[in-house]
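The following exercises concern helix packing, burial and nonpolar cores. Please work through each task before reading its solution.

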Amino acid sequence: MLGKLLKKEWALCMHPAAWIMLGLSTLILIPNYPYGVSFFYVMLGIFFISMGARENHDVMFTMTLPIGKREVVTARILFAVELELISLLLSACMILLHGKLLNAPNGAGMDANLALLGEGFILYGVFHLLFFPAHFRDVSRIGLPFVAASIAVFVLITLDVVLSYALPFWRDVLDTPDPSNGKTKLVFLLVGAAFYAFSTLLSLHLSQKRFLKLDIR
Amino acid sequence: MNTILDVTDLVKVYPGFTLDHVSFSLEEGKITGFIGRNGAGKTTTLHSLLSLLTPDGGEIRFWGMDIREHEQEIKQRIGFVSAGMSFYTKQKLRKITAITRSFYDNWDGAKYQSCLKVFSLDENKTPEMLSNGMKIKYMLALALSHNADLLILDEPTSGLDPVSREELTEIFLQLSEEGKTILFSTHITSDLDKTADNILYIAGGKLRAACSLKEFIASYLLAEYTKDDADAASPLLIGVRRSKEGFTALVRTEDAGKLSLPTRTANLEEIMVHLEKEA
């Protein structure tokens, strides 16, 4: 049933702007740019999807289908996960391309390297924790949960820029062109992925709990 | 006669409104009209049936199964149509149908095509291109194509012109003949005069009547009188209203003989209007 719901998300809820946001992983090809911002655009795409879903009475429609209430939440969060994993895959391609075409360090935060993907996982994880549980408390409210999540994400992106100058481990180990310090960056990537998995599961649990209490009108 | 739906002591509490221990049941193959003024609790009740709302108390059983435990199984056999809803306004009906059909075990493609023809629906149109009546027909087409045994219709004739309303009521009668059970909420009582077998009447969150339409109509008479008539101030008069010629009020059929006022059979609207006035 979840597969069918995901198909429904792609067919009926995917917002045209979200395709463009996915394409903005190409920002990684710009020299001296805070690449974390490219992940934020995907979050903006998820915001547009949630807005479109609200305007099209998606939750009401979905609830009339033969599914359980809990699955409405699972499908939406898994849809976001799919979009984010696609964005990370595209980012990985852009990182490789960046290495081939530019191969220059980034003066505005993390270099285009393996650790950047770990940073992407962390940013998406924080977004899940702040956006979905607040949104599923009342599906008609999207703006405030998104603003709260966006502030946290931008604080982290700014922190990345600061750390890339101020913290030796960040500056000399993580924020370096590939393939140097490959093992440490891989560990950072895995830690980011683990945080992402944990925060997504926690977000799912909290969102479902709140949505089950929600009256849909 | 099989019981399709059993609602027992349904309670939903909002600030300023309580759906107060509502209990009723639906019989297979019957059309049940659910009447009450706006805000009486009709939509709250219907939405509770579909788990859109979380009731604060009570039990809802479809075909003997508790909705909380058998939601998916039950929803396979239910079609929900609401006049107020418009889904995915810019998507083609073809696409919405393709997604919807994938959720139902008993989807009947031939029946869907037949519904499109009967309802004159063009699959290449989007919901925003459809009139309210056509939107309802499209939702009905979806419900009928998955062979729903029970149709829950929330104000389906609201906002429709008289011809479209007449068309829909004919469709409901035909569906009832085919054995479908219909629960039909409305405040346009004239639609029910033509179609309903049973009546649920709700006011202020409380179910005031749950019986056959004939029984409901037969339980009241309408008295038309002037202030000079004897018994004009009788406490047996229910929901006294001014009219052009004087006053009208309901009288319980068993009390009619106790009054010297002229009475006649009341229709559903007159009964509802006077009962609301009394409330």
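Three exercises with worked solutions follow.

The model is predicted, so that local features need pLDDT of at least 70 and side-chain atom pairs count only at pLDDT 80 or more, while totals for chains, interfaces and linings use all residues. Residues are numbered from 1 along each chain as its sequence is written, chains are lettered from A and ligands numbered from 1 in the order in which they are written, and side-chain values use heavy atoms, leaving out hydrogens and water.

**Exercise 1.** Determine how helix 5 and helix 9 of chain A pack.

Step 1. Helix 5 (residues 69-101) and helix 9 (residues 182-213) of chain A pack at an angle of about 150°, with their axes 9 Å apart. Helices here are DSSP runs of H or I with at least four residues, and strands are runs of E with at least two.

Step 2. The angle makes helix 5 of chain A roughly antiparallel to helix 9 of chain A (angles over 145 degrees count as such).

Step 3. Residues in contact (heavy atoms within 4.5 Å) include V73(A), I77(A) and V81(A) of helix 5 and Y196(A), L204(A) and F211(A) of helix 9.

Step 4. By class, this contact has 9 nonpolar, 5 polar and 3 charged residues. Ala, Val, Leu, Ile, Met, Phe, Trp, Tyr, Cys and Pro count as nonpolar, Asp, Glu, Lys and Arg as charged, and the others, Gly among them, as polar.

**Exercise 2.** Compare E155(B) with G159(B): which is buried and which is exposed?

Step 1. The loop between strand 7 (150-154) and helix 6 (162-177) of chain B holds G159(B), and E155(B) has its place in that loop too.

Step 2. E155(B) has a relative accessible area of 12% and is therefore buried, whereas G159(B), at 65%, counts as exposed. The cut-offs are under 20% for buried and over 50% for exposed, with partly exposed in between (1.4 Å probe, protein chains only).

Step 3. Not counting residues up to four places away in sequence, E155(B) touches K42(B), A83(B), S185(B), T186(B) and H187(B). K42(B) is itself one of the buried residues of helix 1 of chain B, where 7 of 8 residues are buried.

**Exercise 3.** Identify which residues touch the most other members of the largest nonpolar core.

Step 1. A nonpolar core is a set of buried Ala, Val, Leu, Ile, Met, Phe, Trp, Tyr and Cys residues joined through side-chain atoms within 4.5 Å.

Step 2. Among its 152 residues, the answer is F62(B), L140(B) and F216(B).

Step 3. Helix 5 of chain A supplies the largest share of this core, 11 residues.

Note on methods
Axes fitted to C-alpha atoms, helices over the stretch in contact; angles between N-to-C directions. Parallel < 35°, antiparallel > 145°, perpendicular 65-115°, else oblique.
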